[in-house]
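This briefing collects computed features of one structure, grouped by topic. It is meant to be read with the sequence and coordinates open alongside.

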There are 2 protein chains.
Amino acid sequence: MSKEITARSEDYSQWYNDLILKGGLADYSAVRGCMVIKPYGFGLWEGMRDVLDAKFKETGHQNAYFPLFIPKSFLSKEAEHVDGFATECAVVTHHRLMKDPEGKMVVDPSAKLEEELIVRPTSETIIWNTYKDWIQSYRDLPLLINQWANVVRWEMRTRLFLRTAEFLWQEGHTAHATAEEAIAETQQMLEVYADFAENYMALPVVRGVKSPAERFAGALDTYCIEALMQDGKALQAGTSHFLGQNFAKAFDVKFSNKENKLDYVWATSWGVSTRLIGALVMAHSDDDGLVLPPRIAPLQVVIVPIYKGDEQKAKIDAKVNELTAELRKAGVRVKYDDSDNNRPGWKFAEYEMKGVPVRIALGARDLENNVAEIARRDTKTKESLPLDGLADRIVALLEEIQQQLYNKALAFRDDHITPADTIEEFERLLDEKGGFISAHWDGTSETEGKIKELTKATIRCIPLNNKLEEGTCILTGKPSTQRVLFARAY
Amino acid sequence: MSKEITARSEDYSQWYNDLILKGGLADYSAVRGCMVIKPYGFGLWEGMRDVLDAKFKETGHQNAYFPLFIPKSFLSKEAEHVDGFATECAVVTHHRLMKDPEGKMVVDPSAKLEEELIVRPTSETIIWNTYKDWIQSYRDLPLLINQWANVVRWEMRTRLFLRTAEFLWQEGHTAHATAEEAIAETQQMLEVYADFAENYMALPVVRGVKSPAERFAGALDTYCIEALMQDGKALQAGTSHFLGQNFAKAFDVKFSNKENKLDYVWATSWGVSTRLIGALVMAHSDDDGLVLPPRIAPLQVVIVPIYKGDEQKAKIDAKVNELTAELRKAGVRVKYDDSDNNRPGWKFAEYEMKGVPVRIALGARDLENNVAEIARRDTKTKESLPLDGLADRIVALLEEIQQQLYNKALAFRDDHITPADTIEEFERLLDEKGGFISAHWDGTSETEGKIKELTKATIRCIPLNNKLEEGTCILTGKPSTQRVLFARAY
C-alpha cells in the first residue's frame, strides 16, 4: 500500500480522517475550522449537486442568489431563530484595513460599519425580508426558490465535512398561501432527499420528524432523514422545515388571498450540505480506502494497462480505445490511466484508496486470450471476463455494485434498530451495539434532556411510518403511545 | 406596455437599471452594495457558468473550493496585492453576538478573534498558502484549478451587476514549472474568454494587455478582453494574469525540477464574474427591454396561444405539443405560455421585456391556414410561416439571430475605434463619439494618469494584434512605437 490507513477497529475517527485526507477529498486550511475541498472531493459534490438540482427543477423550483451578509437586526426579528444562531457566527464590523505607523496592516477604526453584518449561517431572514417585496397576492404564490451557497457557523469543534465553520449547501425557501400547501412542500422535499440518499448514495434513511428540542430554530416542525454510520452512530443527512407563519410575521409578509383578504404567508425551508460527503464516506468505506457508489462516483471505471515495451502498449491502447468509446457512449465515467510515472501496483492501490467502483487491468497475455481482469472495489473480488461484450457487462456490474452497497447498508441499519424497554437495557445496547434504540418516551423536552445527559443519546426522530403502541417512558415511567428512535449522533 | 422603461437617449444609466429590475434579473437588497440575483438573472448566470465550466474542463482544469476567509496576515504577504485590496474589504473581527442588559443583540466583546479575517476579495493568498503543501516536485505540475465562488470588495459606488460589494465569479489559479508554460496558460484562458464572449454572448472583444497602471495587484502582466457598450463606454469583460513567481515567493512555494534543483513555481490567475451579465444587457438591449443572444438565453422560444373558448384552445394545444416536442428534441429551450391569468398582449410585452429571442403566436385562424406568426426580438420583425417544417426553421432562425446580434455589435464596435493624433482631437472624439480612441502614448504611468485626469479616459489595453507604427505621444510629444486603445469605461 502506498498510503497507510488506520483500521476502523483501531480508531474509527482517525480512519475517517485518513480517508478524507489520503483519498484526496479535502484538506485542512489555515483558517480555523474551514477546509479546502480538493478536486476529487469537489467532483463528488458537483455530481451530488447536479442530481439534486435536476430534482429541484423537476419539482418546480428555480435557483436564485441572496446576499452573503445579514444585517444584525434581521437575525433578531425571529426570537427562536436568533437564539439558535447568534452565539456562533462570524461578525463583520469594519470595511477597511490601514497601515499603522510601523507599516503593519491593522483594522482602520474609522471604517466601522454603522450596523454589524453577520455572515449568513442560513438565509431565512434576508430572504423573507426580500419576499416582502415580491409577494402581494395569491397569484405570486407559491414562490419556489432554491439557493446553492456557502454558509458559516462558528462551531467550536470541527471535523472535515461533518462539521466545519464554513460549508457548502443548498437552501430551499418557499412561500405558500396555505398551511396545507406548505406542509405538502416540506414533505415532498424530504422525499426528494430520501430518494437521493437511497438511490444515489446507496444510503438507507429513516424518514421522521424531530422532537421539539431538536427542531430548527424558528420552525414549527422539522422533518429529517437519519442515516446510520458503520460505527453505530447516527447522522442527520437532510432536513426540511415547516416554518408556519413565523418568518412572514417577523418580516411582515402578507398577501391578499382569493377572497381579497390579507393573510400572512406560509413558509418552508430545506437543506442538505457537504456533510453528505462525510456520511457517504462513513457508510460504505473500508480499511483499504474509500468505497463510492457508482451512481455518484466521479470516476466509475479505471483501466490500467500492463505491458512491456511500446509494441505491447500499442496493441493494448487500440483495444482500450474501443472499450472506452463504448463505455462513454453508455454514459460511463471512465479513465484510462496509461501514465508511465507509476507502476500498475501503485495505481491499483491508488484507485482502491479513491474508491473507484470497477478496475479493469489489461495485459499483453490477456489480450491474446481476449479477456481482461475485472476487480470490484466493494467486494474486492476479481474475475477474468471476455473482452467481447465487456462494455455491456460493466454497465450491468455498476448497477449490481450500486444495489449491493445499498443492500449491505440496509441490512446493517435494520440490524441496528433495537427496542429497549428499560433505561438500563437502553444504556447497555448503546454501549455494546450502538445504532438506533427504539424506546418509549414521555414526550417532554425535560426527559429528553435527562436521557441525553445520562447517555449522550438524543432523539434522532419520530419515524413517519411509526406504529402506535402503548408503553411507558424508559426514564420516567409515564405513559407513551409510540416508540421513538434514539442514537448517539454526529 | 405593462412596464415603462426609460429611453436610452433620455438617460442611459436609468435605462440600464430599468432593464435589470423590470426584466427580473436582479433586485436591490437590504445590505449596502449587495444585490439579489433573481431567478431569471440567475438562469442566465447558470447558462454562462455551464458553458465556461465545460471549456475549463476541456482545457484540463478541475474545480475545487477554498475558504471564504483570508487571515489578515496573508493579504500582507504580497506587497502590491495588499495595497490593491486592503482599503475595500469586509473584516470579520468577532465570532459571537450576545444580548445586552436591555435584551438588544450586540457583539460579544469577549469573542474577539485573535487575528482578523478578511472576506476574500480574490483568493491568490489563501490558495498559494495551500499550494505550498500540494507542490513538491515537477511531477505535481502543472496544477490546474478553478473555483466558482462569491467574493466581496467594499466598493463605494455600486451598480447592479457592474459593480457590487459581493459578486459571483470564477477564479482559475494555476501553477507551472516554467514562465513559458505559465504565459501560455494565461493566453489560452484569455482565448477561452474571448471565444465565449464572441460566440455565446455575441459580444466582440479586443484582446490585449493592460498598461502597468491597470494591472492586477501582484501581476507581471494582465491580459484582458475589452468590450464596447452602446453608450460608447468600454467594459473589461475578463482578465487573465501572469503572476510570475510573486505569490510563490510570498508563500514560499518551491518545487524540485527535473534536474532536482529547487525553484519557485510560476503562477497564473484568471476570472470572469456576474459583471458579464451587465455587459450583455448593455451591448444588445433596446428601449423595449432586454435582447438576449439565443445561445445563452434561458428561454429561446415562447409560444403564446390566441383563442376563444376551450374547443379552439384544445386544437391549438395539440399542435403546440407537437411543435414543442420537436423543438425540445432539437435542444431548443421553449415555453408554452397558456396561462389564463394574462392576455396575449400582456404576454407579448412581458417576453419582449425579458428578451426572449423568438415568439410564436398561434391563433385559431392561423391553425386553419396551417401557419404561425413568428416575431424576432432582435429586429422586431414578424412573419407568417407554415407550420410544416417550422421547428427546423426556428432552429435556423435562432442561429441567424445569434449571428445578426454579433454582426451588429461588431459593426458598432469597429465604427467606434477612432484614431486621434492630438489631445484636442482625442477629447473632442471622446465627447462627441465615444468608443475606443486609438492614440500614441509615451509608455509612462505618469502620462497615463494625466490623460485620465484630463479626460476620464484610461488605457483599456494594448491590443495583442497591434501593428508597430512610429508616432508621438498625444500628451507629451515623446516618441512612441504603437497606438494603444483609450476609452471611458465601466
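**Cysteines**

A:Cys224 is buried, since its relative accessibility is 0%. The model described here is a predicted one. The points below begin with the cysteines and go on to the sheet, the core, the domains and the backbone.

- The sulfur closest to that of A:Cys224 among the cysteines belongs to A:Cys461, and at 4.6 Å it is too far away for a bond.
- A disulfide is counted when two cysteine sulfur atoms lie within 2.5 Å.
- A:Cys473 is also buried, because its relative accessibility is 3%.
- For A:Cys473 too, the closest cysteine sulfur is in A:Cys461, and the 17 Å that separate the two sulfurs are too far for a bond.
- Over all chains, the search of the whole structure gives zero disulfides.
- In general, a disulfide is a covalent bond that links the sulfur atoms of two cysteines.

**The six-stranded sheet**

- Six strands form an open sheet with antiparallel pairing, in the order 4(A)-8(A)-5(A)-5(B)-8(B)-4(B).
- The edges are taken by strand 4 (69-71) of chain A and strand 4 (69-71) of chain B; each has a single partner strand, so one side of each has no neighbour in the sheet.
- On average, and with direction ignored, neighbouring strands of this sheet are turned by 45 degrees against each other.
- In chain A, strand 4 pairs with strand 8 (residues 112-119) through three bridges, in the antiparallel sense.
- Within chain A, A:Phe69 has A:Val119 of strand 8 opposite.
- Between the chains, strand 5 (residues 91-94) of chain A and strand 5 (residues 91-94) of chain B run antiparallel and are joined by three bridges.
- At this junction, A:Val91 is opposite B:His94, a residue of strand 5 of chain B.
- In chain B, strand 5 and strand 8 (residues 112-119) run antiparallel, again with three bridges.
- B:Val92 has B:Leu117, in strand 8 of chain B, as its bridge partner.
- As a general point, the strands of a sheet pair through backbone hydrogen bonds, in either a parallel or an antiparallel way.

**Nonpolar core**

- The largest nonpolar core contains 96 residues.
- Which residues have the most contacts inside this core? They are A:Phe69, A:Trp128, B:Phe69 and B:Trp128.
- With residues up to four places away in sequence not counted, B:Trp128 touches B:Thr174, B:Ala175, B:Phe247, B:Ala248, B:Phe251, B:Val253, B:Val265, B:Trp266 and B:Ala267.

**Domains of chain A**

- Chain A is divided into domain 1 (12-62 + 129-212 + 222-284), domain 2 (299-399) and domain 3 (417-487).
- From the C-alpha centre of domain 1 to that of domain 2 in chain A is 37 Å.

**Surroundings of A:Ile451**

- Helix 14 (residues 445-455) of chain A includes A:Ile451.
- Is A:Ile451 buried or exposed? With a relative accessible area of 0%, A:Ile451 is buried.
- Outside its neighbours within four places in sequence, A:Ile451 contacts A:Phe426, A:Lys456, A:Ala457, A:Ile474, A:Leu475 and A:Phe486.
- A:Phe486 is 35 residues from A:Ile451 in sequence, and the C-alpha atoms of the two are 9.5 Å apart in space.

**Backbone geometry**

- In general, most peptide bonds are trans, and most residues other than glycine have a negative phi.
- In chain A, the peptide bond from A:Leu141 to A:Pro142 is cis, and its omega is near -10 degrees.
- A:Pro142 belongs to the loop between helix 5 (124-134) and strand 9 (143-152) of chain A.
- In chain B, B:Leu141 and B:Pro142 are joined by a cis peptide bond with omega of about -5 degrees.
- B:Pro142 belongs to the loop between helix 5 (124-134) and strand 9 (143-152) of chain B.
- B:Phe161 is not glycine but has a positive phi, near 70 degrees.
- The loop that holds B:Phe161 runs between strand 9 and strand 10 (166-176) of chain B, and B:Phe161 counts as buried at 1% relative accessibility.
- B:Asn260, also a residue other than glycine, has a positive phi near 65 degrees.
- The loop between strand 14 (254-256) and strand 15 (262-264) of chain B contains B:Asn260, which is exposed with a relative accessible area of 64%.

Terms used:
Residues are numbered from 1 along each chain as its sequence is written. Chains are lettered from A and ligands numbered from 1 in the order in which they are written. This is a predicted model: local features need pLDDT of at least 70, side-chain atom pairs count only at pLDDT 80 or more; totals for chains, interfaces and linings use all residues. Side-chain values use heavy atoms; hydrogens and water are left out. Two strands pair if DSSP finds at least two bridges between them. Helices (H or I, at least four residues) and strands (E, at least two) are DSSP runs, numbered from the N terminus. Axes are lines fitted to C-alpha atoms, for helices over the stretch in contact, and angles run from 0 to 180 degrees between N-to-C directions. A nonpolar core is a set of buried Ala, Val, Leu, Ile, Met, Phe, Trp, Tyr and Cys residues joined through side-chain atoms within 4.5 Å. Buried means under 20% relative accessible area, exposed over 50%, partly exposed in between (1.4 Å probe, protein chains only). Contact means heavy atoms within 4.5 Å. Domain bounds come from an automatic or database domain assignment.
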